[in-house]
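Biologist: I've got a model on screen and a few things I'd like to talk through. Could you walk me through it?

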Amino acid sequence: MKVTVIGAGNMGGAMIRGLVAGGRVAAGDITAVAVHDKTLNAMREVGVQATTDAVAAAKTADVVLLAVKPWLVEGTARQIAGAVKDSALIGSVAAGIGLADLVSYFGGDKPLFRIMPNTAVTVGESMTFVTAGGATPEQTRTMISLFEPLGKVMEVPEKQFDGCMALASCGIAYALRYVRAAMEGGIELGIPPQMAQTVVAQTLKGAAEILLRTGNHPEAEIDKVTTPGGITIKGLNAMEANGFTRAVIEGLKASK
Ligand SMILES: NC(=O)C1=CN([C@@H]2O[C@H](COP(=O)(O)OP(=O)(O)OC[C@H]3O[C@@H](n4cnc5c(N)ncnc54)[C@H](O)[C@@H]3O)[C@@H](O)[C@H]2O)C=CC1
Ligand SMILES: O=C(O)[C@@H]1CCC=N1
């Protein structure tokens with residue numbers, strides 16, 4: 001299977017590295033399309049082919065993934081639309097570009113996908129969403145299987161896509177901002193920054209593992225921590241008095 005990724009920046013580059021590490025596609029069958037020499041060279045170092053010629057790279061591909069900024073998707077799509085094979089799976093990771101947009105660029109007779117990973121593709125722990133349009137179940141399975149080595153994958157209807165993107169693709173930044181805030185609090189409490197970072201990251205990892213392994217509601221797990229009259233409930237109440245939950249909800253709702 002030949003995979004062409006157009007745009008090898010933060011997300012495209014991370015996906016390519018993840019695909020190579022995932023091993024479901026041979027590095028030599030992956031082509032990165034980029035515009036800058038530095039990016040082309042970085043991609044060649046990963047072992048994939050690299051070119052500036054999007055049309056040529058699209059022509060031979062079984063899967064084409066668009067990973068340019070949203071405002072460049074239409075131009076890039078229209079540039080390659082006549083070149084892609086009829087059977088090629090076409091995916092876009094661009095925020096805000098819907099299936100209807102992709103149909104208008106490529107036509108309605110192609111297997112089209114919206115794909116939304118997050119930057120944890122770099123460590124094989126992405127939360128990736130896939131929405132298919134005009135694709136057979138087998139084609140959808142093929143697209144999903146490409147991303148499975150990069151983390152967890154969920155197929156979702158398009159109406160859930162933007163909410164999922166806010167929770168996971170933007171959400172990884174929100175989780176990291178929590179880490180930064182916690183580190184700053186830890187430093188006030190006398191913990192050195194690097195140590196605070198390790199402590200907070202491991203604590204988040206532990207919290208995430210509890211939820212993923214048990215499926216328990218977070219509040220059930222919080223109850224196990226909050227000793228009546230103890231110190232955790234004082235901390236939680238002080239955080240809520242300062243708008244913690246409200247700030248998270250408003251931030252997610254603003255992510256569109
Ligand atoms: N950064 C993230 O966490 C996520 C980004 N996305 C989506 O991924 C897409 C790319 O975002 P980033 O990687 O963050 O941006 P970026 O700016 O890091 O990468 C885009 C790359 O595309 C290249 N490019 C521009 N025009 C090109 C062309 N005609 N041919 C080939 N390459 C071209 C740029 O030089 C750049 O390297 C966006 O549409 C964004 O919505 C989706 C999920 C998460
Ligand atoms: O901030 C953005 O627009 C992109 C899409 C999801 C994560 N980063």
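Biologist: Let's start with Val-68: does it count as buried or exposed?

Modeller: Bear in mind that this is a predicted model. Val-68 sits in the loop between S4 and H4. The cut-off for buried is 20 or more other C-beta atoms within 10 Å. Val-68 has 24 C-beta neighbours inside 10 Å, so it counts as buried.

Biologist: And Lys-69, buried or exposed?

Modeller: Lys-69 is also in the loop between S4 and H4. Exposed means 12 or fewer such neighbours. With 12 C-beta neighbours inside 10 Å, Lys-69 counts as exposed.

Biologist: Which residues is Val-68 in contact with, if we skip its neighbours within four places in sequence?

Modeller: Two of the contacts, Val-73 and Thr-76, are among the buried residues of helix H4. Ile-6 and Gly-7 are both listed in an unreviewed UniProt "binding site" entry. Put together, the contacts of Val-68 are Val-73, Thr-76, Ile-6 and Gly-7.

Biologist: About that "binding site" entry: how far apart can two of its C-alpha atoms be?

Modeller: The unreviewed UniProt entry lists Ile-6, Gly-7, Ala-8, Gly-9, Asn-10, Met-11, Ala-67, Val-68, Lys-69 and Pro-70. They span 65 residues in sequence, yet they gather at one spot, because no two of their C-alpha atoms are more than 13.8 Å apart.

Biologist: Back to H4, then. Why do its buried residues end up on the same side?

Modeller: The buried ones in H4 (residues 70-80) are Val-73, Thr-76, Ala-77 and Ile-80. They share a side of H4 because they cover an arc of only 100 degrees around the axis. In general, an α-helix has 3.6 residues a turn, so residues three or four places apart point the same way. For H4, the arc to remember is 100 degrees.

Biologist: Which exposed residues are on the face turned away, and what does the buried side pack against?

Modeller: The face turned away from the buried side carries Trp-71, Gly-75 and Arg-78. The buried residues of H4 pack against strands S1 (3-6), S4 (63-66) and S5 (89-92), plus helices H3 (54-59) and H5 (99-106).

Biologist: What about ligand 2: how many charged residues are in its shell?

Modeller: The residues around ligand 2 are Ala-95, Met-165, Ser-169 and Cys-170. By class, that shell has 3 nonpolar and 1 polar, and the charged count is none.

Biologist: Last one: how much of the span 158-255 is helix?

Modeller: An unreviewed UniProt entry gives residues 158-255 as "domain: Pyrroline-5-carboxylate reductase dimerisation". The end C-alpha atoms of the span lie 16 Å apart. Strand accounts for 0% of the span, and helix for 85%.

Key:
Residues numbered from 1 in each chain as written. Chains lettered and ligands numbered in written order. Predicted model: local features only at pLDDT ≥ 70, side-chain atom pairs only at ≥ 80, totals over all residues. Near = placed C-beta within 6 Å. Nonpolar A, V, L, I, M, F, W, Y, C, P; charged D, E, K, R; others polar. UniProt positions renumbered as here; feature names shortened; annotations may be inferred. Helix = DSSP H or I, 4+ residues; strand = E, 2+ residues; numbered from the N terminus. Arc of directions from axis to C-beta. Contact = placed C-beta atoms within 7 Å.
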